[in-house]
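Welcome! Please take a moment to look over the sequence and the model, and then read on for a short guided tour.

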Amino acid sequence: MANLTGTRAAALMQAQLASRYGVAARTSTAAVTATGTAPAAQPAKTATSASKGDVATISPAARRASAQIADAKKDFTALSKEVRATLDAQYKSAGKTATPKLDELSGRALAAIALNQTGGFSRTEVSAAKAALQSRERESATGAIKGGSFAAYSQTLVTQYDAMSSEERQARGWSERTRDAAATLAAQTNGAMPSLFDQMG
């Protein structure tokens, strides 16, 4: 028999994700293996070769991952000033009316803009940073939800939470309750029980 508390928590989280990202979970469990775990995600390509001259280019995702490591070590106020300088350089190159280019910024750098603790960012920049953070959440959530692997998404959320700075958690609106709920769901659906989607169906 399904754990009632876990089922209720899962239903609540599913509803919140569907409302936030505009996607609905599938009842199919094709994405989950016989052991109850989701297949390992394929690593993202970090570089591509140009058609001529074999010149390698680094993808935005790879640049973002590198920035995430570097930014995690920085003082948050210093990082905010650094991000301010980065945006100013963008505007100088593309013009004051240019839209901020945020795809290569780390999550912590986006949090610096979104929280705007230094007061150095405009409303447009703050809104853009919040939208970028939500977009990254959506990318992570929609693949797992559409694939029917709620356990995989829950475990991914736990991993992401543990790796995040407190500032990024605050900017995303994540708390210890977010992590605890995800950890509970991941544990309940990790091979010992049927798919959570089956239980909710």
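The points below go through confidence, nonpolar cores and salt bridges, in that order.

This is a predicted model, with a mean pLDDT of 75 for the protein. Its largest nonpolar core has 17 residues, and the count of salt bridges comes to nine.

**How confident is the prediction?**

- Of the protein's residues, 62% reach a pLDDT of 70 or more.
- Helix α4 (residues 107–115) has the highest confidence, at a mean of 97, while helix α9 (residues 196–200) has the lowest, at 41.
- Residues 25–51 stay under 50 in pLDDT, and the model gives this stretch 44 contacts beyond four places in sequence.
- Residues 191–201 are also below 50, with 30 contacts in the model beyond near neighbours in sequence.
- Where pLDDT is low, the predicted coordinates should not be read in detail.

**The nonpolar cores**

- In soluble globular proteins, nonpolar side chains tend to be buried together.
- Within the 17-residue core, the residues that touch the most other members are V83, L87, L102, L105, L110 and I113.
- The elements giving two or more residues to this core are helices α3 (76–94), α4 and α5 (123–147).
- I113 is a good place to begin looking: setting aside neighbours within four places in sequence, I113 is in contact with V83, L87, L102, L105, F121, E125, V126 and A129.
- There is also a second, separate core of eight residues, and among them are Y153, M164, W174 and A182.

**R84 and its surroundings**

- R84 sits in helix α3 and forms a salt bridge with E125, where the closest N and O atoms are 2.8 Å apart.
- This pair links distant parts of the chain, as R84 belongs to helix α3 and E125 to helix α5, 41 residues apart.
- Are these two partners buried or exposed? R84 has a relative accessible area of 18%, so R84 counts as buried, and E125 is buried too because its value is 4%; the cut-off for buried is under 20%.
- R84 also makes a side-chain to side-chain polar contact with D88, at 3.0 Å.
- Leaving aside neighbours within four places in sequence, R84 is in contact with Y91, G120, F121 and E125.
- E125 is thus a contact of R84 and a contact of I113.

**Other salt bridges to find**

- R172 and E137 meet through their side chains in a salt bridge, at 3.8 Å from N to O.
- Here too, distant parts of the chain are linked: R172 lies in helix α7 (residues 166–172) and E137 in helix α5, 35 residues apart.
- Both R172 and E137 are buried.
- R179 and D162 form a salt bridge with an N to O distance of 2.7 Å.
- That bridge joins helix α8 (residues 176–188), which holds R179, to helix α6 (residues 150–163), which holds D162; the two residues are 17 apart in the chain.
- R179 is partly exposed, because its relative accessible area is 22%, and D162 counts as partly exposed at 43%; partly exposed covers values between 20% and 50%.
- Which residues are linked in a network of salt bridges? They are D71, K74 and E82.

Notes: Residues are numbered from 1 along each chain as its sequence is written. This is a predicted model: local features need pLDDT of at least 70, side-chain atom pairs count only at pLDDT 80 or more; totals for chains, interfaces and linings use all residues. Side-chain values use heavy atoms; hydrogens and water are left out. pLDDT is the predictor's confidence in each residue, from 0 to 100. Helices (H or I, at least four residues) and strands (E, at least two) are DSSP runs, numbered from the N terminus. Contact means heavy atoms within 4.5 Å. A nonpolar core is a set of buried Ala, Val, Leu, Ile, Met, Phe, Trp, Tyr and Cys residues joined through side-chain atoms within 4.5 Å. Buried means under 20% relative accessible area, exposed over 50%, partly exposed in between (1.4 Å probe, protein chains only). A salt bridge is a side-chain nitrogen of Lys or Arg within 4 Å of a carboxyl oxygen of Asp or Glu. A polar contact is a pair of N or O atoms within 3.5 Å; within protein, one must be able to donate a hydrogen and the other to accept it, and residues adjacent in sequence count only if both atoms are side-chain atoms.
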